[in-house]
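Hi there,

Here is the structure I promised to pass along. Have a look at it first, and my notes on what turned up follow below.

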Amino acid sequence: MLDEMVREHAEKADGLPLRNEDGDIRAEVNEAVAAAVEAGDAARLRALFTDLHATDQSDLLLSLDPADRPRLIELLGDAFDFAALTELDETARTRIVEALETRTLVEGVRELDSDDAVYILEDLDKEDQDEILDQLPALERVALARSLDYPEESAGRRMQTEFVAVPAFWTVGQTIDHLRETEDLPERFYEIFVVDPRYQLLGEVSLDVLLRTKRPVAMVDIVSEERHQVKATDDQEDVARLFERYNWVSAAVVDDAGRLVGVITVDDVVDVIEEEADEDLKALGGVKADEELSDTVWYIAKSRFSWLFLNLFTAILASAVIGMFEGQIEKMVALAVLMPIVASQGGNAGTQTMTVAVRALATRQLGNANARRIVLREVAAGFLNGIAFAVIMGAVAVAWFGLPDLGLVIGLSMVVVLIAAALGGILIPLALHKLGADPAVSSGPFVTTVTDVVGFFAFLGIATLWFRLS
């Protein structure tokens, strides 16, 4: 079904099928675009880009050498959809925008919805922002400047300032006539907002309710009892959580005084959810949230160094524990063979628990009310897996070295390390969250340290006592 949808949406670029069966841009289309840019053939580029969706234009843009991307946009002129820039990662988008002529940027921004325009402008320096805003019509300039004044990653940055609002005393008939007669309505909207003379939000009326109500009825009499409303200063992740929890399609955005200033829609929220999930995933791997595939080698190496440096200390600490049992390892070589298995299982189990805990904290599913129950659940799961792997590794150790006692030692170690991994994997993120640190960023090294140290110490310590190796 998905493959059929991909093929259905695979537009044609100047007669050439745009995408292959895997949904990727076809090589011959990429080559045709590159050749047209190199030749400066604006007519050929317009033929290739005509009627393409912004996402397809974005993919074609990325297929070019970075130095040729601004030139393609200049050659296309008004045939290029500036919404395509919002589909690019921040690094690629910023390089393109900074290389474009101001005139081209101004014309492109004027054609965008306000939320997309803000998305592009917010990457620029304040001086460059002002230069572009100064050349826009007054109403657009004021709306965009107000959105840019809100904090980053807030609802005010994500909202559209294009919406439909009517006075409370208007009737349904007046509202319908207004919608039919007004040309500069938003391209898509899902409700009509009802406001008082001070532009404070009284409520909203969905389009289906509007069309099912008789014309003489006042708008204020049919506003929804369930108000979908957020503040412009609310964090975008909190807004996304409201959409997810209550299945909203859109929500009014109000300022601190309760005045209607914009609307945020589900398509913007989908982008927020994707961004936040991307940040969490990168953080768990020790990668900065702003790292992109288009970044330079030097930037990537520099941004990853601190995490790797921290992990180096955890590795040294684990090695120091091994050094404490150097004499015992020399007396029984089997310990050196088996101890990485114990630490590895603990590390993997700790990572599993940590991933679940970090995600639950991010989505507010884990808190004070259920923390004790979840901790006990993870410990119980760790204990059960510890028993299972104790049996498996005990059998492996006996078969490998012919020592039943060694099987018992590694079995006990497995139980200890998997319980420790479960505790560390959930208690460390909880503690960091309580201290105000981001558990996604900070948990990894601590959990790794706990599982490695406990794993090595438990296995080598139990073996030392059991076999009297001291």
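The side chain of arginine 157 reaches the backbone oxygen of serine 147 at 3.4 Å, and it also reaches the backbone oxygen of leucine 148, at 3.0 Å. Before going on, please keep in mind that this is a predicted model. Arginine 157 sits in helix H11, which covers residues 155-158. Is this arginine 157 buried or exposed? Its relative accessible area is 13%, so arginine 157 counts as buried. Leaving out residues up to four places away in sequence, arginine 157 touches Val118, Glu122, Ser147, Leu148, Tyr150, Pro151 and Glu152.

One of those contacts, Val118, leads straight to helix H8, where Val118 is among the buried residues. The others buried in H8 are Ser114, Asp115, Ala117, Tyr119, Ile120 and Leu121. Because seven of its eight residues are buried, H8 is largely enclosed by the rest of the structure. What covers the buried residues of H8? The cover includes H6, H7, H9, H10, H11 and helix H15 (266-284).

Helix H7 (residues 102-110) has its own buried set: Thr104, Leu105, Val106, Gly108 and Val109. These pack against H5, H6, helix H8 (114-121), helix H9 (126-133) and helix H10 (138-149).

Now to the nonpolar cores. The largest one holds 42 residues, and the members that touch the most others are Val33, Leu72, Ile73, Phe80, Phe82 and Leu85. Helix H2 (residues 27-39) gives the largest share of this core, with five residues. If you want a place to start looking, try valine 33: apart from residues up to four places away in sequence, valine 33 touches Leu45, Leu48, Phe49, Leu60, Leu64 and Leu72. There is also a second, separate core of 28 residues, and Phe325, Ile329, Ala334 and Val417 are among its members.

Next, the charged pairs. The count of salt bridges comes to 18, and three of them are described here.

In one, the side chains of aspartate 59 and arginine 19 meet, with N to O at 2.7 Å. Aspartate 59 belongs to helix H4 (residues 54-62), while arginine 19 is in the loop between strand S2 (16-17) and H2, so this pair ties together parts that lie 40 residues apart in sequence. Aspartate 59 is partly exposed, at 28% relative accessibility, whereas arginine 19 is buried, at 15%.

In another, aspartate 78 pairs with arginine 46, and their closest N and O atoms are 3.2 Å apart. Which parts of the chain does this pair tie together? Aspartate 78 is in the loop between helix H5 (69-76) and helix H6 (90-99), and arginine 46 is in helix H3 (residues 42-49), so the bridge joins parts 32 residues apart in sequence. Aspartate 78 is exposed, with a relative accessible area of 69%, and arginine 46 is partly exposed, at 35%.

The remaining pair is aspartate 238 with arginine 364, whose side chains meet at 3.1 Å, N to O. This one links distant parts of the chain, 126 residues apart: aspartate 238 lies in helix H14 (residues 236-246), and arginine 364 lies in the loop between helix H18 (333-362) and helix H19 (371-401). Aspartate 238 is partly exposed, with a relative accessible area of 31%, and arginine 364 is exposed, at 53%. The two also belong to a network: salt bridges that share partners join Glu237, Asp238, Arg241 and Arg364.

Finally, a few words on the chain as a whole. How many helices and strands does the chain have? There are 21 helices and eight strands. The radius of gyration is 30 Å, while a compact globule of 470 residues would have one near 23 Å. Along its principal axes, the C-alpha trace spans about 90 × 60 × 45 Å. Of the 470 residues, 43% count as buried. The chain exposes about 24800 Å², and carbon and sulfur atoms supply 56% of that area. As for contacts between residues at least 6 apart in sequence, 66% of them join residues at least 24 apart.

Happy browsing, and best wishes!

Notes:
Residues are numbered from 1 along each chain as its sequence is written. This is a predicted model: local features need pLDDT of at least 70, side-chain atom pairs count only at pLDDT 80 or more; totals for chains, interfaces and linings use all residues. Side-chain values use heavy atoms; hydrogens and water are left out. A nonpolar core is a set of buried Ala, Val, Leu, Ile, Met, Phe, Trp, Tyr and Cys residues joined through side-chain atoms within 4.5 Å. Buried means under 20% relative accessible area, exposed over 50%, partly exposed in between (1.4 Å probe, protein chains only). Helices (H or I, at least four residues) and strands (E, at least two) are DSSP runs, numbered from the N terminus. Contact means heavy atoms within 4.5 Å. A salt bridge is a side-chain nitrogen of Lys or Arg within 4 Å of a carboxyl oxygen of Asp or Glu. The radius of gyration is taken over C-alpha atoms; the globule rule is 2.2 Å times the number of residues to the power 0.38. Accessible areas come from the Shrake-Rupley method with a 1.4 Å probe; for residues, only the protein chains shown count as cover. A polar contact is a pair of N or O atoms within 3.5 Å; within protein, one must be able to donate a hydrogen and the other to accept it, and residues adjacent in sequence count only if both atoms are side-chain atoms.
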